[in-house]
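I am opening these notes to keep a record of what I look up, entry by entry. I begin with single residues, then go on to helices and rings.

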Amino acid sequence: MSNTPQPAPVAEERIELKARNVSFAWENTPLHWIPGDPFAGHTINVLHLLLPAGERWFVHVYKQVLPLITDELLREDVIGFIGQEAMHSAAHDDVLPHLKKLGLDPTPYTAQVDWLFEKLLGDRTLPPGRARRWWLMERVATIAAIEHYTAFLGNWILNAEKLDRCGADPTMLDLLRWHGAEEVEHRSVAFELFTHLDGGYRRRVRTWATAFTALAFLWQRGTRFFMANDPTPTVGRASLAAFYRAGRAGMLPSTPAMLRAVPRYLSRDYHPSQEGSTAQALAYLASSPGAGGGR
């Protein structure tokens with residue numbers, strides 16, 4: 001366990017984390033599910049390409065660290081986190097056949113993502129001891145960094161009222177908001193696991209830089225892939241300018257908001273409970289049609 005002083009969490013009642021059974025019917029969801037803005041829709045669609053492999057990788061790594069956890073409440077939280085992440089992976093995986101049916105086959109891109117998580121970030125043949133633990137802690141810290149941004153995105157989608165006003169597909173919005181709400185709900189688990197097992201500040205900064213660079217690269221590559229392979233000939237091209245404009249319009253997270261999230265994570269006083277609202281997340285989960293809350 002690290003001797004580094006740990007940031008104080010925001011006082012909240014502890015929530016028992018659990019995987020929710022969800023069901024989403026995609027037959028009426030169009031390819032351009034944000035009317036008049038295929039770029040914004042495809043930028044968000046990259047989640048369906050990244051998350052199945054990424055969250056399977058989270059689960060794989062966390063199953064390896066469970067024996068190292070000495071805090072029983074944290075162990076329970078990690079087990080709940082594993083269940084939620086496995087469900088997220090399956091739910092986003094279910095979108096991919098629908099996209100293929102609509103004329104956009106994501107297989108070439110998902111094969112690259114699978115390689116990244118399974119080979120580049122996967123298990124390595126290392127001798128027992130320091131080397132093996134080092135690689136495990138690097139991955140635990142990388143997950144904490146990624147979870148900072150999934151919580152950021154979860155908080156954004158819960159409050160993205162412009163998507164409702166423009167008539168975005170309700171089923172896709174429900175999937176994204178169910179997932180986003182659970183990311184907010186369990187936003188502290190990955191960081192607290194990292195601080196429990198290691199907590200080194202230099203490792204936090206190093207793995208943040210790696211995670212941020214990889215996510216930025218994969219996201220822009222995924223958006224370009226969708227735009228280039230969209231069967232509609234008039235969708236245009238992906239660009240940073242288009243991303244900035246969509247953010248200003250409220251169709252995507254704004255560039256300034258994303259940049260402000262960086263120093264928050266790198267602050268020595270950072271704790272994920274400072275991001276988003278558990279009460280708002282739970283309120284959405286209680287009403288989500290796909291998660292059974294609307295029934």
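Which residues does His-98 touch, not counting residues up to four places away in sequence? I looked this up before anything else, keeping in mind that the model is a predicted one, and I found that His-98 touches Trp-26, Glu-27 and Thr-29.

**Entry: two residues of helix H3**

I placed His-98 in helix H3, which covers residues 95-101. Its relative accessibility came out at 11%, and since buried means under 20%, His-98 counts as buried. I also looked up how His-98 stands to His-196: the two are 98 residues apart in sequence, and their C-alpha atoms are 41 Å apart in space.

I then turned to Leu-96, which also lies in helix H3, and noted that Leu-96 is buried, with a relative accessible area of 12%. When I left aside its neighbours within four places in sequence, I found Leu-96 in contact with His-48, Leu-49, Pro-106 and Thr-110. For Leu-96 and Pro-38, which are 58 residues apart along the chain, I noted a C-alpha separation of 17 Å.

**Entry: helix H1 and what it packs against**

I looked next at helix H1, residues 38-65, and at helix H2, residues 72-93, and found that they pack at an angle of about 155° with their axes 8 Å apart. Angles over 145 degrees count as roughly antiparallel, and H1 and H2 are therefore roughly antiparallel to each other. I recorded their crossing as left-handed. On the H1 side the contact is made by residues including Leu-47, Leu-51, Phe-58 and Tyr-62, and on the H2 side by residues including Val-78, Phe-81, Ile-82 and His-92.

The other partner I looked up for H1 was helix H4, residues 107-120, whose axis comes within 9 Å of the axis of H1 and crosses it at roughly 20°. Angles under 35 degrees count as roughly parallel, so the angle makes H1 roughly parallel to H4. This crossing, in which H1 passes H4, is right-handed. In my list of the contact, H1 contributes Leu-49, Leu-50, Ala-53, Gly-54, Arg-56 and Trp-57, while H4 contributes Tyr-109, Thr-110, Val-113, Asp-114 and Phe-117.

I also picked out Val-46, which is found in helix H1 and is buried, with a relative accessible area of 0%. What does Val-46 touch, not counting residues up to four places away in sequence? I found Leu-218, Trp-219, Gly-222, Thr-223 and Phe-226. I checked Val-46 against Arg-268 as well: they are 222 residues apart along the chain, and their C-alpha atoms are separated by 31 Å.

**Entry: helices H9 and H11, and the rings**

For helix H9, residues 201-229, I noted that it packs with H11 at an angle of about 155°, with the axes 10 Å apart, and that this makes H9 roughly antiparallel to H11. Where they meet, I listed Tyr-201, Arg-204, Val-205, Trp-208 and Phe-212 in H9, and Val-262, Tyr-265 and Leu-266 in H11. I noted further that the charged end of Arg-204 sits over the ring of Tyr-265, at 5.7 Å from its centre.

How many aromatic pairs are there? With ring centres required to lie within 6.5 Å, the count comes to 14. I looked closely at one, Phe-191 with Tyr-265, which is edge-to-face at 6.2 Å centre to centre and 75° between the planes. This pair links distant parts of the chain, since Phe-191 is in helix H8 (residues 189-197) and Tyr-265 in helix H11 (residues 255-266), 74 residues apart. Both Phe-191 and Tyr-265 are buried. I also wrote down a cluster in which ring pairs link Tyr-149, Phe-152, Trp-208 and Phe-212. Elsewhere I noted Arg-124, which lies over the face of Trp-135 at 3.6 Å from the ring centre.

**Entry: Ala-291**

My last look was at Ala-291, whose place is in the segment after helix H12 (278-287). Is Ala-291 buried or exposed? I noted a relative accessible area of 17%, so Ala-291 is buried. Not counting residues up to four places away in sequence, Ala-291 touches Asn-21, Val-22, Trp-178 and Leu-285. Ala-291 and Leu-175 are 116 residues apart in sequence, and I found their C-alpha atoms 8.8 Å apart in space.

Conventions. Residues numbered from 1 in each chain as written. Predicted model: local features only at pLDDT ≥ 70, side-chain atom pairs only at ≥ 80, totals over all residues. Heavy atoms only, no water. Phe/Tyr/Trp six-rings, centres within 6.5 Å; stacked < 30°, edge-to-face > 60°. Helix = DSSP H or I, 4+ residues; strand = E, 2+ residues; numbered from the N terminus. Buried < 20%, exposed > 50% of the residue type's maximum accessible area, 1.4 Å probe, protein only. Lys NZ or Arg CZ within 6 Å of the ring centre and 35° of its normal. Axes fitted to C-alpha atoms, helices over the stretch in contact; angles between N-to-C directions. Parallel < 35°, antiparallel > 145°, perpendicular 65-115°, else oblique. Left-handed = near helix turned anticlockwise from the far one by under 90°. Contact = heavy atoms within 4.5 Å.
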